[in-house]
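Reader: Hello! Could you walk me through some side-chain contacts here, one question at a time?
Author: Gladly, let us look together.

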Amino acid sequence: MKIAETVTFGGSGLDRAAHLRNQPEAIAALAARSDARCFAIWRGKLLMHRDGAQGLVWLPMDHPLFAEAMEPPVFLGLDEHGPRFASDVSRFRPTGVDEEALKRFFDPNEYGVPGLPDAQRFAEMRGAMMELSPRDAELAATGKAILEWHRSHGFCARCGAASEVINAGWQRSCASCGGQHFPRTDPVVIMLITSGNSVLLGRSPGWPEGMYSLLAGFVEPGETLEAAVRREVLEETQVKVGAVRYLASQPWAFPNSLMFGCEGIAESTEITLDPVELEHALWMTREEVADSFSGANKSVKPARAGSIAHFLLRNWLADRLD
């Protein structure tokens, strides 16, 4: 797919400077530079401009907010503006936190930081990802994914002892047993399954009302992408899939997946739902999907803008999958 890397989070050519990660003195020197900046994540939300300026809020490394950091900042790389880092400040306590909303699929609440402009607020990346430049999108996806990994992998998987952050945030080491642990990325297939002029869409329980998307599922150990596409579609809908081809990928930091977008040709069309996985599934024609995207069909809402599902469907409508 010629335009594959134009998908949101698709990559911006960031210099990750991975050769510096195992050089603590070099990383410390980068963090001490006057042009070094860090963005903050609080309980999965990113500190962003919410006043039309758009993008991540980049703070000096010595900003008081980073006193609330859980662990040392992660070095993300170098760009034309200088060294870039990310820090988890989940110990910070905003006022009026809605704990129940934080547990939902999407929490629209935003939270400010004392001392910062009111328009700089912690917000859900799902709702603001289209406001990020390609560079900020890559940095946000990278920082969010690796910091979420640190939050859930603070103890050694071999012996259970607490592990420590090394290599500028890109590794955890266990002093007790010597175990070395690296950031985890889970492969997921997301499928544009077509039958003639129609595409297969589904919705999961708990999604926003009326929202439908492409079917998706995790790749199992020992399984190819093509086999995962056929298995997932069959398990969820009993639709049989024949030919499968890869189209594009998207880092999806919710919390740490890599989405492999594929096209599959259906060999059957009758749908039998797995009610555990899906609330509903249906076939929609190009014309019906176009009406959904335009808002003419208000009963079916398209996948969220910025997601690879939205990207694949829009390019299927425009006949730009090659």
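Reader: Let me start with a salt bridge: how far apart are the closest N and O atoms of Glu148 and Lys144?
Author: Keep in mind that this is a predicted model. Glu148 and Lys144 sit four residues apart in helix H4 (residues 134-152), so about one helical turn separates them. Both residues are buried. The closest N and O atoms of their salt bridge are apart by 3.9 Å.

Reader: Thanks! What N to O distance does the salt bridge between Asp186 and Arg184 have?
Author: The two partners differ in burial class: Asp186 counts as buried because its relative accessibility is 13%, while Arg184, at 47%, counts as partly exposed. Their side chains meet in a salt bridge with an N to O distance of 2.6 Å.

Reader: Now a pair from separate parts of the chain: how many residues apart in sequence are the parts that Asp322 and Arg245 tie together?
Author: The side chains of Asp322 and Arg245 meet in a salt bridge at 3.4 Å, N to O. Asp322 lies in the segment after helix H7 (308-317) and Arg245 in strand E14 (residues 241-252), so the pair ties together parts whose separation in sequence is 77 residues.

Reader: Is Asp322 buried or exposed?
Author: The cut-off for exposed is over 50% relative accessible area. Asp322 has a relative accessibility of 59%, so the residue counts as exposed.

Reader: Which residues are linked with Glu220 in a network of salt bridges?
Author: The structure holds 23 salt bridges. Some of them join into a network, in which Glu220 is linked with Glu223, Arg231, Glu232 and Glu235.

Reader: Turning to polar contacts, which residue's side chain makes a polar contact with the side chain of Gln171?
Author: Gln171 is placed in strand E9 (residues 171-173) and is buried, with a relative accessible area of 8%. Residues that Gln171 touches include Trp149, His150, Ile166 and Phe182. The polar contact, at 2.6 Å, is with the side chain of Gln180.

Reader: Last one, on cysteines: why is Cys177 in no disulfide?
Author: The structure holds zero disulfides. For Cys177, the nearest cysteine sulfur is that of Cys156. A disulfide needs the sulfur atoms within 2.5 Å, and the distance from Cys177 to the sulfur of Cys156 is 3.6 Å.

How values were computed:
Residues numbered from 1 in each chain as written. Predicted model: local features only at pLDDT ≥ 70, side-chain atom pairs only at ≥ 80, totals over all residues. Heavy atoms only, no water. Helix = DSSP H or I, 4+ residues; strand = E, 2+ residues; numbered from the N terminus. Buried < 20%, exposed > 50% of the residue type's maximum accessible area, 1.4 Å probe, protein only. Polar contact = N/O pair within 3.5 Å; in protein donor to acceptor, adjacent residues only side chain to side chain. Contact = heavy atoms within 4.5 Å. Salt bridge = Lys/Arg side-chain N within 4 Å of Asp/Glu carboxyl O. Lists of a residue's contacts leave out its neighbours within four places in sequence.
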